[in-house]
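Okay, thanks for coming, everyone. I'll put the structure up and then we'll walk through it together.

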Amino acid sequence: MSVGPALDAGLALLASALAVWVVLARQAFGAVVGFVAFGLVLSLAWLRLGAVDVALTEAAIGSGVTGAVLLAAVTRLHCARPVVAAARCGRRTRAISIASAGLVSAGLAALVLSPTDPAPTLAPQAAAALPELGVGNAITGILLAYRSVDTLLEKIVLLLALAGIWSLARDGAWGDRPAPPGSGRRDGTLTLLGQVLPPLGIVAGIYIVWVGADAPGGAFQGGAILAAMWILALMARLADPPVVGRIGVRLAVGIGPIVFLAIGFAGFALPGGFLSYPAGFAKPLIIVIEVALTFSIAVVLGLLVLGPSARGTQR
Amino acid sequence: MSVLRDLFTIVLVSAGAVFFLAGTAGLLRFPDPLTRLHALTKADNLGLGLIVIGLLPQADGILAGLKLVVVWLLAQLAGAAATRLVARATGRPG
Amino acid sequence: MAEFLIAMAGVVLAVVSVGLARVLWGPADADRLMAAQLLGTGSVAAVLLLAAAVGSPAIVDAAVILTLLAAFAIAAFVSSQFDSDATADLPRDQQQ
């Protein structure tokens, strides 16, 4: 067997094994560790498929930020032990989970592997129109030009998710600071990491957004890295969580969709209608949208990890 | 010249893989969390380091090579901090 | 050369995933973390090898992200472990 397919088979096996572990693990903590490892292996699989943008997104969001959110959930569940103990997951639930996940996987595999004549694709047309946009990365072209409405709606979905999480706060705590992540125990190493890594991470995040115009990267990945660095600084207690009721926070969260919408409505002045870009101005507009989006995504993802406001932490 | 370069890469990358093997063997066989952690750092430092050095001749130009070194340095920083954090988590002094 | 590099990427990944057995056994959570960290480092090595094999420098960016996020993930896991320090949740200026 040639080397490439052998590596791919190994990755597929490893991913499946990790997925099964996540369902069968006895302790939630072990399951979350398995989940983060699973995301890592999935990211490698995307790299093997040549989808570098997706691999970056999977590593940053699917594995990193989602792992942090799950961890925060597990920590809260530990504090609510009596309630949780009554609802422990039995063998039957796990078996059903594995069976249904397996069915979905088998269905997807059948779809992907079933032979069709030249598989339907718009890739050649998409690639052909890129030089007009001034953008070299086809994915960025799709996200911010061809299907920009989808991207706009996705950002609004993020806002809805944030509103959903904020609504879990108790009435008296609405608009307060969320509780700081992690346990806060003073640890010199964590403090050092919180001081040294974020500057590097910020440079890397901005770089990924910038390079996303012509090479794999983009606003989502860059925003996720920035969010992770912010959460790291909060875990090291080098900063306080923001007071989410303040207008500044609300503005930071909304600036991305607002700029996107503004540019979108301005498009009505042109023949294409909503979200069309004037010829020759496409790239600068895309850059403006990406910068605003990156900032918003970073703030929203960070706030999603922090969770609902907690009473008694406001000054 | 190209043969020498490829030989260099093959030898060093293989050596790096051997260190990863050693790190895994240590993780699985050592009796104590702290000794396992010690084995882990060998894989982190030397395994990745040898692979990076082995890949340098294959890189397209100085900037690409520099990027590889940056990745290794970042991994060193992250690995060193992570090791100390996990050591604290085992609950023993040090 | 490319074949060799991909093969080595596979070898490193295979070796490191055997280490994942610690996620299964590891009596303590710290052991599971160590196995995950080894997987992270092994993945970075595999990604660098893959980047050289395919000749695409963009893939090295993926290695940078993986490293940053591995550090973040370990910090998050460890930070959620300790018992809460009484003063740690007050805003900083009220902690003294």
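Before anything else, one definition: I call a residue buried if 20 or more other C-beta atoms lie within 10 Å of its own, exposed if 12 or fewer, and partly exposed in between, with C-beta atoms placed from the backbone. By that count, 65% of the 96 residues of chain C are buried.

Now the housekeeping. This is a predicted model, where local features need pLDDT of at least 70, side-chain atom pairs count only at pLDDT 80 or more, and totals for chains, interfaces and linings use all residues. Residues are numbered from 1 along each chain as its sequence is written, while chains are lettered from A and ligands numbered from 1 in the order in which they are written.

How sure is the predictor? pLDDT is its confidence in each residue, from 0 to 100. Chain A has a mean of 86, and 95% of its residues reach 70 or more. Confidence in chain A is lowest in helix α4 (residues 81-86), with a mean of 54, and highest in helix α10 (residues 219-235), at 94. Where pLDDT is low, the predicted coordinates shouldn't be read in detail.

Let's look at chain C. Helices here are DSSP runs (H or I, at least four residues), strands are E runs of at least two, and both are numbered from the N terminus. Chain C has four helices and zero strands, so you read it as α-α-α-α along the sequence.

Next, where chain C meets chain A. Two residues are in contact if their C-beta atoms, placed from the backbone, lie within 7 Å. On that basis, 45 residues of chain C and 51 residues of chain A take part. In chain C, α1 (2-19), α3 (29-54) and α4 (58-79) each supply at least two residues to the side touching chain A. The most come from α4(C), with 16 residues. By class, that side of chain C has 30 nonpolar, seven polar and eight charged residues. For those classes, Ala, Val, Leu, Ile, Met, Phe, Trp, Tyr, Cys and Pro are nonpolar, Asp, Glu, Lys and Arg are charged, and the others, Gly among them, are polar.

Which residues of α10(A) meet α4(C)? They are A:I225, A:A228, A:L232 and A:M235, and among their partners are C:L68, C:F72 and C:S79. The residues of this helix-helix contact split into ten nonpolar, one polar and no charged.

So is α10(A) enclosed or not enclosed by the rest of the structure? It is largely enclosed, because 16 of its 17 residues are buried. Just after α10(A), A:R237 takes a positive phi of about 55°. Over in α12(A), 18 of the 25 residues are buried, so α12(A) is largely enclosed too. Right after α12(A), A:G307 has a positive phi of about 90°.

One residue to click on: C:A70, in helix α4 of chain C. C:A70 is buried, with 27 other C-beta atoms within 10 Å. Leaving aside neighbours within four places in sequence, C:A70 contacts B:A78, C:Q37 and C:G40. Its C-alpha atom is 9.8 Å from that of C:V44, 26 residues away along the chain.

Last, chain B: six of its residues are in contact with seven residues of chain A. That side of chain B divides into four nonpolar, no polar and two charged.

Note on methods. pLDDT = per-residue confidence, 0-100.
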